[in-house]
Structure formats: structure tokens, C-alpha cells
Amino acid sequence: MKKVTAIEKIKENSTGMTALMAVLGLLCLAGTALGLGDAVYHSSFSEKKEEMAQLLSTGPVFAACAFIAAFVFSRISRTGVPFTDTAVKGLKSIAYLFFAGSFLPNVLLSVFCGKYDTVNGSFIEVAMLVPSILIFCIAEFFNYGVMLQKESDETL
């Protein structure tokens with residue numbers, strides 16, 4: 001495959017991913033708003049503290065991650081180069097958000113209750129901790145790709 005063809009495919013696919021990530025972010029925000037409205041309308045706050053803490057932490061975290069990914073993909077769709085410092089910073093930001101999201105539900109629940117309490121009996125949500133570690137590793141791979149990209153550009 002020629003370099004020009006590969007860059008065009010990257011641009012085309014990145015444009016689609018930009019739209020998909022933006023829609024996903026909006027859906028996460030809408031789901032959070034609808035969930036909060038439903039919880040407030042159908043029950044008292046004291047009955048749904050765990051659900052509210054989970055909803056207020058994971059929904060905005062996922063939305064922020066989707067919007068960051070949309071920004072990264074939009075940059076890639078304009079330049080055709082995935083290995084940039086912007087992509088590395090975006091991936092690291094997503095990893096940090098997932099890491100914060102791994103303990104945020106318990107922090108919010110403790111604030112709501114006025115005492116230390118945990119969701120599902122665990123302080124850290126492993127389901128968000130593991131992806132944060134994996135995404136951070138991918139960011140480091142991209143960092144190496146940035147270095148190789150700069151070296152290649154300087155050679156040409």
C-alpha cells in the first residue's frame with residue numbers, strides 16, 4: 001500500500017471515529033441526566049445513594065473520555081498522522097480519567113453518607129482500574145511511535 005493511500009484511509013477512518021466518539025460522549029451525558037432524573041423522580045435520595053454515586057462518577061468520566069478521543073481523532077483526520085504528542089497527551093488524559101473513575105464512586109458515596117462507605121464493598125473499581133493501566137501502556141507505545149515519526153521526518 002502506498003503512503004498516500006494509507007494516509008487517506010487513516011483520515012477517512014478517523015473522521016468516522018470522531019463522529020462516533022462525539023455521539024458516544026453525548027449519549028453518556030444524556031444517560032447520566034436521564035438516570036439522575038429517574039432516580040430523583042421515582043425514589044428518595046437516601047434510597048439510591050449507591051446508584052447516584054455510581055451514576056455521577058462513571059457517566060461524566062466516560063463522556064469526558066469520549067470527547068477527548070473525539071478530539072484526538074479529529075486531529076488525526078486533519079493531519080493523517082496518528083503518532084503525535086497530542087495523541088499521547090489525549091491517551092494519557094483518558095488513562096488518568098479512568099484511574100480517577102476507579103475510586104470516584106466510593107468518594108462520592110462517602111460524601112453523600114457523611115461517613116466512609118464503599119460501593120460493592122471495594123474501595124477501587126477494578127473494572128475501571130485495569131483499562132486505565134492498559135490505556136496508559138498504549139500511550140507509552142504511542143510515545144515511542146512519536147519518537148520514530150520524528151526520526152523518520154528528520155531523515156527525509
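Begin by selecting V111, which has its place in helix 3, the run of residues 85-113. The model on display is a predicted one. V111 counts as exposed because its relative accessibility is 59%. Add V107, F123 and I124 to the selection: together with V111, these residues make a nonpolar surface patch of about 320 Å².

**The whole chain**

Now zoom out and colour by secondary structure. The chain contains four helices and zero strands, and its pattern along the sequence reads α-α-α-α. Of the 156 residues in the chain, 30% are buried. Switch on a surface representation: the accessible surface of the chain is about 9,400 Å², and carbon and sulfur atoms account for 69% of that area. For contacts between residues at least 6 apart in sequence, 76% join residues at least 24 apart.

**Helix 1**

Select residues 3-42, which form helix 1. The 40 residues of helix 1 should span 58 Å at 1.5 Å a residue, and the end C-alpha atoms are 57 Å apart, so the two values agree. Show the side chains of S14, T18, M21, G25, C28, T32 and A39, the buried residues of helix 1. Helix 2 is included in what covers these buried residues.

Within helix 1, move to A33. A33 is partly exposed, because its relative accessible area is 48%. A distance drawn from the C-alpha of A33 to that of P60 gives 9.9 Å, for two residues that are 27 apart in sequence.

**The cysteines**

Next, display the cysteine side chains. How many disulfides does a search of the whole structure find? The search finds zero. A disulfide is a covalent bond between the sulfur atoms of two cysteines. Centre on C28, a buried residue of helix 1. The closest cysteine sulfur to that of C28 belongs to C65 and is 9.0 Å away, which is too far for a bond. Select C137 as well: C137 counts as partly exposed because its relative accessibility is 36%.

**Inside helix 3**

Return to helix 3 and select S102, which is placed there. Is S102 buried or exposed? S102 counts as buried, because its relative accessibility is 0%. To see its surroundings, display F123, I124, E125, M128 and L129, with which S102 is in contact once neighbours within four places in sequence are left aside. F123 and I124 will be familiar from the nonpolar surface patch at the start of the tour.

Another residue of helix 3 to select is F99. F99 is partly exposed, because its relative accessible area is 43%. Not counting residues up to four places away in sequence, F99 touches L129 and S132. L129 is also among the contacts of S102. A C-alpha distance from F99 to V130 gives 8.6 Å, although these residues are 31 apart along the chain.

**Helix 4**

Select residues 126-155, which form helix 4. The 30 residues of helix 4 should span 44 Å at 1.5 Å a residue; the end C-alpha atoms are 44 Å apart, so expectation and model agree. Show M128, S132, I135, A139, G145 and V146, the buried residues of helix 4. M128 has already appeared as a contact of S102, and S132 as a contact of F99. Which helices do the buried residues of helix 4 pack against? They pack against helix 2, residues 49-79, and helix 3.

**The salt bridges**

The last stop concerns charged side chains. The structure holds two salt bridges. For one of them, select D85 and K150, whose closest N and O atoms are 3.5 Å apart. This pair links distant parts of the chain, since D85 is in helix 3 and K150 is in helix 4, 65 residues apart. D85 counts as partly exposed because its relative accessibility is 37%, and K150 is partly exposed because its relative accessible area is 44%.

For the other salt bridge, select K92 and E140, where the closest N and O atoms are 3.1 Å apart. Here too the pair links distant parts of the chain: K92 is in helix 3 and E140 is in helix 4, 48 residues apart. E140 counts as partly exposed because its relative accessibility is 32%. With both pairs displayed, the view shows salt bridges between helix 3 and helix 4.

How values were computed. Residues are numbered from 1 along each chain as its sequence is written. This is a predicted model: local features need pLDDT of at least 70, side-chain atom pairs count only at pLDDT 80 or more; totals for chains, interfaces and linings use all residues. Side-chain values use heavy atoms; hydrogens and water are left out. Patches are made of residues with over 30% relative accessible area and no salt bridge: like charges are joined within 9 Å, nonpolar side chains (Val, Leu, Ile, Met, Phe, Trp, Tyr) within 5 Å. Accessible areas come from the Shrake-Rupley method with a 1.4 Å probe; for residues, only the protein chains shown count as cover. A salt bridge is a side-chain nitrogen of Lys or Arg within 4 Å of a carboxyl oxygen of Asp or Glu. Helices (H or I, at least four residues) and strands (E, at least two) are DSSP runs, numbered from the N terminus. Buried means under 20% relative accessible area, exposed over 50%, partly exposed in between (1.4 Å probe, protein chains only). The expected span of a helix is 1.5 Å times one less than its number of residues. Contact means heavy atoms within 4.5 Å. A disulfide is a pair of cysteine sulfur atoms within 2.5 Å.
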